[in-house]
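Open the model in a viewer and keep the sequence panel beside it. The tour goes from one selection to the next.

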Amino acid sequence: MSDTDLGVDDEEYEDDGYDDDFDEDGDINTIEVPTARNVLEYLVKSVVENPDEVSVEVVERQGSVALEVTVAEGDMGRVIGRRGRVANSIRTIVRAAASKDGSFVDVEFVD
């Protein structure tokens, strides 16, 4: 089926640019923050006892980007630290790294 079959003239048709919003896998609305993600993964793996169990997922929620960290069952206390000081320090460093990516991220530690 061509554009003329749909009642759209070639002269009136304008490319809306939405094809540019797809990544290589065909997923839409993927925001990449590679520096922030790599820094977060490095920091968390440095703190925990089981670095192979660390996973970081980039999630987009209502226009903002969140990095969700999952660790092994016994490692969450190490990542959070006393009074959340380690977690807050990690968040500060990752947000600084995200500025290099031109983005703002929130870091969430998921049980």
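In which hand does H1 cross H3, right-handed or left-handed? The crossing of H1 past H3 is right-handed; a crossing is right-handed if the near helix is turned clockwise from the far one by less than a right angle, and left-handed if anticlockwise.

Before selecting anything, note that this is a predicted model, in which local features need pLDDT of at least 70, side-chain atom pairs count only at pLDDT 80 or more, and totals for chains, interfaces and linings use all residues. Residues are numbered from 1 along each chain as its sequence is written, and side-chain values use heavy atoms, with hydrogens and water left out.

**The whole chain**

Colour by secondary structure. The protein has three helices and three strands, in the order α-β-β-α-α-β from the N terminus. Helices (H or I, at least four residues) and strands (E, at least two) are DSSP runs, numbered from the N terminus.

Turn on the surface. About 8000 Å² of the protein is exposed, 43% of it supplied by carbon and sulfur atoms; these areas come from the Shrake-Rupley method with a 1.4 Å probe, and for residues only the protein chains shown count as cover. Of the 111 residues, 25% are buried. Buried means under 20% relative accessible area, exposed over 50%, and partly exposed in between (1.4 Å probe, protein chains only).

Contacts, meaning heavy atoms within 4.5 Å, can be sorted by separation along the chain. Among those between residues at least 6 apart in sequence, 55% join residues at least 24 apart.

**Select 34–47 and 85–100**

These ranges are helix H1 (residues 34–47) and helix H3 (residues 85–100), which pack at an angle of about 155° with their axes 7 Å apart. H1 is therefore roughly antiparallel to H3. Axes are lines fitted to C-alpha atoms, for helices over the stretch in contact, and angles run from 0 to 180 degrees between N-to-C directions. Angles over 145 degrees count as roughly antiparallel, under 35 as roughly parallel, 65 to 115 as roughly perpendicular and the rest as oblique.

Show the side chains of the contact. H1 contributes Thr-35, Ala-36, Val-39, Leu-40, Leu-43 and Val-44, while H3 contributes Ile-90, Ile-93, Val-94, Ala-97, Ala-98 and Lys-100. By class, the contact residues of H1 with H3 are ten nonpolar, one polar and one charged. Ala, Val, Leu, Ile, Met, Phe, Trp, Tyr, Cys and Pro count as nonpolar, Asp, Glu, Lys and Arg as charged, and the others, Gly among them, as polar.

Centre on Leu-43, in helix H1. Leaving aside neighbours within four places in sequence, Leu-43 is in contact with Ile-90, Ile-93 and Val-94. The C-alpha atoms of Leu-43 and Val-79 are separated by 9.3 Å, with these positions 36 residues apart along the chain counted as their separation.

**Select Asn-88**

Asn-88 lies in helix H3 and counts as partly exposed, at 42% relative accessibility. Its C-alpha atom is separated by 9.3 Å from that of Val-107, 19 residues apart along the chain.

**Select Gly-77, then Arg-83**

Gly-77 is in helix H2 (residues 76–80). With 56% relative accessibility, Gly-77 counts as exposed. From Gly-77 to Ala-87, ten residues apart in sequence, the C-alpha to C-alpha distance is 9.7 Å.

Arg-83 follows in the loop between H2 and H3. Although not a glycine, Arg-83 has a positive phi of about 55°. At 78% relative accessibility, Arg-83 counts as exposed.

**Select Ser-103**

Ser-103 is in the loop between H3 and strand E3 (105–110) and counts as partly exposed at 22% relative accessibility. Not counting residues up to four places away in sequence, Ser-103 touches Val-33, Val-65 and Ala-98. Ser-103 and Val-33 are 70 residues apart along the chain, and their C-alpha atoms are separated by 7.2 Å.

**Select Glu-68**

Is Glu-68, the last stop, buried or exposed? Its relative accessibility is 16%, so Glu-68 counts as buried. Glu-68 is found in strand E2 (residues 64–70). Residues up to four places away in sequence aside, Glu-68 touches Ser-55, Val-56, Glu-57, Val-59, Arg-61, Glu-108 and Val-110.
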